[in-house]
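Please open the structure in your viewer and keep the selection panel at hand, since this tour moves from one selection to the next and says what is found at each stop.

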There are 2 protein chains.
Amino acid sequence: MIATLTEIKSQFKELGIKSTIPRTVIYQSLMKFEHHPSAEEIYLGIQKKYAGVSLATVYKTLDLLVQKGLAHKVVTDEDKVRYDARTDQHIHLYCNKTKKIMDYEDPTLEQIIMDYLNKKGIPGFNFSQIQVNIKGEISNKKINRKL
Amino acid sequence: MIATLTEIKSQFKELGIKSTIPRTVIYQSLMKFEHHPSAEEIYLGIQKKYAGVSLATVYKTLDLLVQKGLAHKVVTDEDKVRYDARTDQHIHLYCNKTKKIMDYEDPTLEQIIMDYLNKKGIPGFNFSQIQVNIKGEISNKKINRKL
DNA sequence: TCTCAAATAAGAATTATTATTAATTAAATG
DNA sequence: CATTTAATTAATAATAATTCTTATTTGAGA
């Protein structure tokens with residue numbers, strides 16, 4: 001799932017993105033986060049590996065990745081925008097407690113929704129994308145596992 | 001659908017919200033918008049009716065309405081937070097072109113999703129609310145109607 | 001290696017939102 | 001109905017996320 005530097009570089013090349021150290025580091029960092037970081041989290045996360053990068057570059061690079069289809073914006077009721085390196089159709093789980101946003105894969109549910117909407121249509125609206133966000137709380141499985 | 005001043009006042013009273021002119025004007029304005037205004041849109045919208053209200057009061061009042069369950073925040077990829085006077089379960093249609101956000105009612109679809117998720121569950125997650133956002137474009141029905 | 005357009009760092013600027021505080025107002029009470 | 005008082009508001013300063021500016025640096029091709 002996590003691309004090597006070489007893979008990233010060729011991916012950039014295909015999309016006409018000039019390959020630079022900040023960009024590859026930022027993209028790699030974004031992919032490593034399992035729960036959708038903000039620009040600042042990425043900025044802080046890469047300080048060990050590449051301390052020179054500026055926050056403005058992080059913002060600009062994330063915008064570029066979104067433009068080129070390598071990332072998606074993820075918004076919440078909170079103030080900061082967050083980013084997702086996955087751009088295929090998937091569901092997001094929002095944890096009210098930890099504020100983590102997690103990917104959730106359920107192709108069946110997605111298919112059910114798409115089938116329903118394609119059959120029924122929406123009067124006066126041409127839809128192109130469906131987003132399903134599920135809010136709740138992470139339930140710690142380990143507690144039960146021990147019992 | 002749009003409440004009278006008397007109705008709003010008694011609604012406020014029930015919820016322990018002190019009734020003031022700015023609050024009733026802001027709430028009424030929010031209810032009148034059919035496509036989910038930002039705080040600034042409400043601020044501008046009430047200038048004719050009640051010019052004295054400050055933008056800070058609009059923000060504070062909207063937050064209060066959200067806290068008390070009379071409104072919901074609606075977020076987008078854009079910068080501003082928007083508000084929705086409807087707090088029952090419903091779907092949002094996001095128009096990519098006009099940036100309008102519209103309510104869409106489809107209890108059947110909502111039921112299908114809830115039934116599926118209730119039956120299947122989500123491992124490691126207790127969900128409490130499902131949000132469905134549909135992105136696309138408004139299609140102008142009037143063009144076809146004339147032909 | 002050299003060239004040069006493109007990208008970056010640093011920090012200033014902008015914009016949405018929140019905090020502060022003195023003045024105003026709504027509601028309760030007499 | 002007038003008075004009291006705590007809550008609310010207007011005005012504006014402060015904050016925080018994001019974007020812009022510009023001088024410097026860098027990567028890719030010749």
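A residue is near a molecule or strand if one of its heavy atoms lies within 4 Å of it. With that in mind, and remembering that this is a predicted model, begin with DNA strand D, which is surrounded by 19 residues, the closest being Tyr59(A), Lys80(A), Thr20(B), Val53(B) and Thr57(B).

**First stop: DNA strand D**

Select DNA strand D together with its surrounding residues, and colour sugar and phosphate apart from the bases: of the atoms of this strand within 4 Å of the protein, 84% belong to sugar or phosphate, and the rest to bases. Now show the side chain of Thr20(B), where an N or O atom is 2.5 Å from a phosphate oxygen of DNA strand D. Then turn to the backbone, where an N or O atom of Gly52(B) lies 3.1 Å from a phosphate oxygen of the strand, and where a polar atom of Val53(B) is 3.3 Å from a phosphate oxygen of DNA strand D. The elements that give two or more residues to this surface are helix 4 of chain A, along with helix 2 (21-32) and helix 4 of chain B. Which of the elements gives the largest share of the surface near DNA strand D? That share, four residues, comes from helix 4 of chain A. If you colour the surface near DNA strand D by class, you will find eight nonpolar, five polar and six charged residues.

**Second stop: DNA strand C**

Next, select DNA strand C, which is surrounded by 19 residues, with Thr20(A), Val53(A), Thr57(A), Tyr59(B) and Lys80(B) as the closest. Of the atoms of DNA strand C that lie within 4 Å of the protein, 83% are in sugar or phosphate, while the rest belong to bases. Show the side chain of Tyr59(B), which places a polar atom 2.4 Å from a phosphate oxygen of DNA strand C, and then that of Arg23(A), whose polar side-chain atom lies 3.2 Å from a phosphate oxygen of the strand. For a backbone example, look at Val81(B), where a polar atom is 3.0 Å from a phosphate oxygen of DNA strand C. Helix 2 (21-32) and helix 4 (55-67) of chain A, together with helix 4 (55-67) of chain B, are the elements that give two or more residues to the surface near this strand.

**Third stop: the largest pocket**

Hide the DNA and select Gln131(A), Asn133(A), Val75(B), Tyr94(B) and Asn133(B), which, among the 47 residues lining the largest pocket, lie nearest its centre. The elements giving two or more residues to this lining are strand 1 (72-74), strand 3 (91-95) and strand 5 (125-138) of chain A, and strand 1 (72-74), strand 3 (91-95) and strand 5 (125-138) of chain B. Strand 5 of chain A supplies the largest share of the lining, seven residues. The volume of the largest pocket is about 1,100 Å³, and its lining divides into 15 nonpolar, 20 polar and twelve charged residues.

**Last stop: chain A as a whole**

Finally, select chain A and display it as a cartoon, in which six helices and five strands can be traced, following the pattern α-α-α-α-β-β-β-β-α-β-α along the sequence. Its C-alpha atoms fill a box of roughly 50 × 50 × 30 Å along the principal axes, and 40% of the 147 residues in chain A are buried.

Key:
Residues are numbered from 1 along each chain as its sequence is written. Chains are lettered from A and ligands numbered from 1 in the order in which they are written. This is a predicted model: local features need pLDDT of at least 70, side-chain atom pairs count only at pLDDT 80 or more; totals for chains, interfaces and linings use all residues. Side-chain values use heavy atoms; hydrogens and water are left out. On a 1 Å grid over the protein atoms alone, a cavity is a set of points where a 1.4 Å probe fits but cannot get out, and a pocket is an open set with protein on both sides within 12 Å along at least five of seven lines; lining residues have an atom within 4 Å of a point. Grid points are joined across faces, edges and corners, and a volume is the space filled by probe spheres set on the points. Ala, Val, Leu, Ile, Met, Phe, Trp, Tyr, Cys and Pro count as nonpolar, Asp, Glu, Lys and Arg as charged, and the others, Gly among them, as polar. A polar contact is a pair of N or O atoms within 3.5 Å; within protein, one must be able to donate a hydrogen and the other to accept it, and residues adjacent in sequence count only if both atoms are side-chain atoms. Buried means under 20% relative accessible area, exposed over 50%, partly exposed in between (1.4 Å probe, protein chains only).
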